[in-house]
Amino acid sequence: MAPPVAGLALPFRHPAVLLATWFGVGFLPRAPGTWGSLAALPLAWIVSWGFGPTGLFVAVLLIFGFGWCATAIIARAGGASDPGVVVVDEVAGQCLALVAAPRDLLLYVVSFLLFRAADIFKPWPASWADRTIHGGLGIMLDDIFAALWVVAALLLIMRFGIA
């Protein structure tokens, strides 16, 4: 049996670890959440290109659902509330933040920056979810709430032609 990954109590090859770390992206040095958000950008671009905003929303639902399961397994196995290497929540959140945006490089950059800010500062209800909901759902949900703020901001930006 492979040794557990530091802080996760499960080996890297475990499906929950692979998904939760977004196939190892969460192990990149410094700011794993930023790496997770960056990894979501090409995924969102490709899914949106192939299947439109509805397809991207379906992808978010799938990532959220499987991510919830994976992070719940990791939270139970390791006892950590939200290990830094877990970035599937950022992937789901960043993809959701892009559902309302056309495939435009500038809007993707703006979305990325806004999502990172919202994920770090956690405006309500993201802060509420982060404090009160535990386990896999809590790990995933605060990023979804942060992404909803970004969707609203992007809609305003597009409506008023700011970007």
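**Exercise 1. Work out why C95 forms no disulfide.**

Start with the distance: the sulfur of C95 sits 18 Å from the closest cysteine sulfur, the one in C69, and that is too far for a bond. Next, check the rule: a disulfide is a pair of cysteine sulfur atoms within 2.5 Å. By that rule, the count is 0 disulfides. C69 is in no disulfide either, with the sulfur of C95 as its nearest cysteine sulfur, 18 Å away.

A quick note on what you're looking at: this is a predicted model, where local features need pLDDT of at least 70 and side-chain atom pairs count only at pLDDT 80 or more, while totals for chains, interfaces and linings use all residues. Residues are numbered from 1 along each chain as its sequence is written, and side-chain values use heavy atoms, leaving out hydrogens and water.

**Exercise 2. Decide whether C95 and C69 are buried, partly exposed or exposed.**

First, the cut-offs: buried means under 20% relative accessible area, exposed over 50%, and partly exposed in between (1.4 Å probe, protein chains only). C95 has 1%, so C95 is buried. C69 has 48%, so C69 is partly exposed. For the protein chain, buried residues make up 50% of the 163 residues.

**Exercise 3. Describe how the protein chain is built.**

Count the elements: there are 6 helices and 0 strands (DSSP runs, H or I of at least four residues for helices, E of at least two for strands, numbered from the N terminus). From the N terminus on, the order reads α-α-α-α-α-α. Lastly, get the extent: along its principal axes, the C-alpha trace spans about 55 × 35 × 25 Å.
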